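Reader: I have a model open and would like to talk through its pockets and helices with you. Could you take me through it step by step?

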Amino acid sequence: DVLRATSVLAKALSNGATKVKTVQTPQQALTLKTQNTNLLLVGERNAIKLAGFDFGNSPLEMHREFVDGKEIILCTSNGTQAVAASHRAKRVITAAFINMNAVVKRLELLEEDITIVCSGTNGQFSLDDSLAAGVLVNRLTSIKDYKLDDSAQSMALAIKDENKLQESLKDCYHLKRLKSKGFQNDVDYCLTLDNLNVVPQWKNGYFVV
């Protein structure tokens, strides 16, 4: 969910958050907050910050002064649902455009099958996530011999030129929806490649680096 949950994860951890727990419902997050008032609640529904939460689902809000040394609970419409659906995986790593290079370096070291999960938007195909998958596949196959299934091949073919990312996504439903709600700066940041050298990985119930 490059727009915006996985970007939030990468940004928060890069700025010193100790760990991030993803949950599926706002009530789960609010209940955890009653048990530990030091938690930071981050999340949205329909792109808008949830009532009772400290921050919305914006990577630009994850300033070091706010998140350094903090534990974060993240709840979003799409990204945290995809994490829940991946709970049986041997390992879960989150990728965004902003940490793509770091993720590629981590994945190329693994001698195991890789499944790329695109969060989508409200249960539907989402072009932004798919092109992120395409960039990931293209970079991995440029350095190592992978056997691709048809879906991976289609994602790779969809974005042969990373420099045309903005142009390729100009009519993307999710992107236009975020812009219409005033999140142009978030979109611009999330579509920037290789800003951060962090790889969020799921360990013992939390994403850490």
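Reader: Let's begin with Leu107: which residues is it in contact with, leaving aside its neighbours within four places in sequence?
Author: Bearing in mind that this is a predicted model, Leu107 is in contact with Ile93, Ile114, Leu136, Leu140 and Tyr146 once the neighbours within four places in sequence are set aside.

Reader: And where does Leu107 lie, and does it count as buried or exposed?
Author: Leu107 lies in helix H5, and because its relative accessibility is 8%, below the 20% cut-off, it counts as buried. Its C-alpha atom is separated by 13 Å from that of Lys90, and these two residues are 17 apart along the chain.

Reader: What about Val103, which residues does that one contact?
Author: Val103 is found in helix H5 as well, and, leaving aside neighbours within four places in sequence, it is in contact with Ile93, Thr94, Ala95, Leu136 and Val199. Val103 counts as buried, with a relative accessibility of 1%. Between the C-alpha atoms of Val103 and Ser119, which are 16 residues apart along the chain, the separation is 17 Å.

Reader: Switching to pockets, what volume does the largest pocket have, and which residues lie nearest its centre?
Author: The volume of the largest pocket is about 700 Å³. Its lining is made of 36 residues, and those nearest the centre are Val92, Ile93, Thr115, Ile116 and Val117.

Reader: How does that lining of the largest pocket divide by class, and which helices each supply at least two residues of it?
Author: The lining of the largest pocket divides into 22 nonpolar, eight polar and six charged residues. Helix H1 (5-14), helix H4 (79-85), helix H5 (100-107) and H6 each supply at least two of the lining residues.

Reader: OK, and how much space lies in the second largest pocket?
Author: About 470 Å³ of space lies there. The second largest pocket is lined by 20 residues, of which Ile114, Thr115, Ile116, Asp149 and Ala152 are the closest to its centre.

Reader: Where does the largest share of that second lining come from?
Author: H6 provides the largest share of the lining of the second largest pocket, with five residues, while H6 and H7 each supply at least two. By class, this lining has 11 nonpolar, five polar and four charged residues.

Reader: Since H6 and H7 came up, at what angle do their axes cross?
Author: The axes of helix H6 (residues 127-143) and helix H7 (residues 150-158) cross at roughly 95° and come within 7 Å. That crossing angle makes H6 roughly perpendicular to H7. On the H6 side the contact is made by Ser130, Leu131, Ala133, Gly134, Val137 and Asn138, and on the H7 side by Ala152, Met155, Ala156 and Ala158. These contact residues divide into seven nonpolar, three polar and no charged.

Reader: Back to H1, how many of its residues are buried?
Author: H1 is mostly covered, with 10 of its 10 residues buried, among them Val8, Leu9 and Lys11. Just after H1, Gly16 takes a positive phi of about 105°.

Reader: Last one: what does Ser58 touch, not counting residues up to four places away in sequence?
Author: With those residues left out of the count, Ser58 touches Arg4, Val8 and Asp186. Ser58 is found in the loop between strand S3 (48-49) and helix H3 (64-67), and its relative accessible area is 7%, so Ser58 is buried.

Conventions:
Residues numbered from 1 in each chain as written. Predicted model: local features only at pLDDT ≥ 70, side-chain atom pairs only at ≥ 80, totals over all residues. Heavy atoms only, no water. Axes fitted to C-alpha atoms, helices over the stretch in contact; angles between N-to-C directions. Helix = DSSP H or I, 4+ residues; strand = E, 2+ residues; numbered from the N terminus. Parallel < 35°, antiparallel > 145°, perpendicular 65-115°, else oblique. Contact = heavy atoms within 4.5 Å. Nonpolar A, V, L, I, M, F, W, Y, C, P; charged D, E, K, R; others polar. 1 Å grid on protein atoms, 1.4 Å probe; cavity = no way out; pocket = protein on both sides within 12 Å on 5 of 7 lines; lining within 4 Å. Points joined across faces, edges and corners; volume = space filled by probe spheres on them. Buried < 20%, exposed > 50% of the residue type's maximum accessible area, 1.4 Å probe, protein only.
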